[in-house]
Amino acid sequence: MRDVSARHVSAEWVVWAVALALLVAVPCVMAGASSTMRRMGGGDYPQAFIWWTTANRAVQNAGSEAEADRLLSQLDGVASPCLHLGYFAGFKRRHPDQFVFLFCQGHDFSEKPTVYDPVDRSRFYPGHWVHCEAAPLVADVPAESGESDIRVDNVGRFRLVGTRGHNQPDDICLVARDDEGSPDWSHCEQVRLVAIRKERSAIRVRRGGYGTKPLAFKAGKALAAAHASEPWGYEGGASWVINYSARCPRDAEGRSASDVLLDVLAPLFAPNGAVHNFDGLTFDVSPFRPRGMLVGGRLQRTGWLGRPLGPFQRLALETPNLMQGTPPTRYLKGQHVTVQQDEAGVRVRSRAVDHANALAFRLVDVPCRKGEDLLIRLRLSASPRPGWPEAVPRRLTVRPVGGAYGLLATFVGSEPFTSTFYFRDMPGERATLQLQIEGRQDVTLHVAEAYTHADAGFRQFERGLVLANPGDEPGTFDLAARWPDARYERLQGSSRQDTTTNNGQPVGPTVTLGPRDGLFLLRVGDDAKRGREDAPE
C-alpha cells in the first residue's frame, strides 16, 4: 500500500450546506435518529464531511486501519463508497460521533456494482430506463447473432461519439410495439451501435448485448431508442440513466424503477444489514474544495462559526420594491391565457385550443434600471397535473426576453412557495420575463416583487459572519450600523489560502467585497463568548 498524506486527502472535501451559510440541501434519506443525526442542523457550523472519492483513496492506500481512521475523522463525517462497506461500518463503531452516509450515484447504473453504486442494472426492467427519442424500424429485423444493419426512419437520433456526454457509441434498445403503438418491454433486445450508414438510412449494431438474446422485429411494429447515459461505468461501458418518473413503466411484479432501488437499499439499513449503523444515504452532489474555510484557517477547528443567529439576509430586500402598489394583473400577459384576480391571488389559466403540454405567460414592463441588477421574487402555487400525485410539483422556468441570459428554474406545487431570480446588468429601464411551467393547469401568483440591487447578503453566527456578493460590482457591508457592539477580524489563512485576504487582521466599520466574492469573518471579544446563550432555540 502507498502512503497517503493529509495533502492527498484534503484535495476533495464537500461542505454540508451550512458551511457556506446558504442552506443548499444535500439529498439524504434518514436511516434513524442517531445522536449524530440529531445534532445535524442544530450543532455548530460549518458541518462538513469527506466525499466518497477521497474516502475511497484513503481506504485503498492507507497502510493500516488506524491510519485510514486518522485521515477520515478530521471533519464531521464521511460519505462511504459502496465497495468498502465493511470498513465504514467498523469506522462508525469506532467513531460514533462521526456522520457516516452511504453514497449512491442514484441516477444511473452500470453493468455491475461499482464504487459509487451498490446495485447493477440487471436488477431493473427494460422499461425502467430513460431513452432518447425513438426511431421506428422501417424494415424487418431477423433474430441473428453478430452484427446487423437495422433500417430506421431517422438515423440522426443516434450518435457514435461525444454528444451525449461521453465518448462511447450509443447503447440502443430495440423494442416491439403493442397493438396501441406503445413499447412492449417484454419483447426487447439491447444492442451497441457500431456504425451509421446514412445512405441506407441504417444503423449497424452488435446484437444481443447485456444479457439479452437476438430477437426478430417487424417493420412498423418496433422502435430503436438510444439509452440516455453517462460516461462512467464498468470496464469502459456507459451507465444508463434510471427513470424516476411517476409514470415509469412497471415490471411484471408491478414495480417501478424507484421500487426496485428501494428493494435493494432498504435491506442494507435493516437491523442486521451491512450499513445498519450508518446515519443515512446521500446521492450525488458537487464537490467543494476550499478546506481552509471549513476549519477556520489556522484555527483548525470544525464548527468554528457556531450556531446561526438568524437566516440568510438579502440586502436587496431592504431597498424599495419597484412593483409595490401596482396590481399584479398589470404585469401578467399571455397570448393563450386568461388572467383573473381572486381571493388567493392572480390566477393564470390556459385557453389554448391545441394540446400543448405547457402553460406560458409573461411578466411585462417590470421596472428596473439600465445597467443595474434585477432581483425578482415570486410567490406561486399551481394546480396538480391530472394523473400525477398532488405532492409532485411542476417545473417552472424564467428568462428575460432579450439579452444573453440563462434559463432559471424552480418548482411550483399546490402550496404557495417563494422563489428568487437574479439577473445582472439589465439592458433597459423595463424588463419582460418569459415564464413557462410544465402542464396546462392553473398557476396562481400570490406575490410579485422587483428590486434593482445585487443579490448580496450575509448570515450571522455565534462566532462569525459570512458575507456574499454575487454581483459584478463591488459591494459594501456596513457592519457598525448593523452590529455596533460586535467586533470582527479576518481569518488567519493557512499556506494554501489567500493570506492577503485572510490575514488575521481586524476589520473596520465597513467591509467591501469585490465582484462575485465572499468572505468569512471571525467574531472576537466577550460578545463572541455570549453567542451560545444568545442563540435561538
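This short talk goes through one chain, from its overall make-up to one sheet and one pocket.

Please keep in mind that this is a predicted model, in which local features need pLDDT of at least 70, side-chain atom pairs count only at pLDDT 80 or more, and totals for chains, interfaces and linings use all residues. Residues are numbered from 1 along each chain as its sequence is written, and side-chain values use heavy atoms, with hydrogens and water left out.

The chain holds 10 helices and 32 strands, taken as DSSP runs numbered from the N terminus, with at least four residues of H or I for a helix and at least two of E for a strand. Of its 537 residues, 46% are buried, meaning under 20% relative accessible area with a 1.4 Å probe and protein chains only.

Turning to the sheet, five strands form an open arrangement in the order E17-E20-E25-E22-E23, with antiparallel pairing, where two strands pair if DSSP finds at least two bridges between them. Because strand E17 (332–333) and strand E23 (408–412) each have a single partner strand, they stand at the edges, and one side of each is left without a neighbour in the sheet. E17 pairs with strand E20 (residues 358–367) in the antiparallel sense over two bridges, and Leu332 stands opposite Leu363 in E20.

Finally, which residues are the closest to the centre of the second largest pocket? They are Asp373, Ala454, Asp472, Glu473 and Pro474, out of 15 residues that line the pocket, where lining residues have an atom within 4 Å of a point on a 1 Å grid over the protein atoms alone, and a pocket is an open set of points with protein on both sides within 12 Å along at least five of seven lines.

Notes:
Buried means under 20% relative accessible area, exposed over 50%, partly exposed in between (1.4 Å probe, protein chains only). On a 1 Å grid over the protein atoms alone, a cavity is a set of points where a 1.4 Å probe fits but cannot get out, and a pocket is an open set with protein on both sides within 12 Å along at least five of seven lines; lining residues have an atom within 4 Å of a point.
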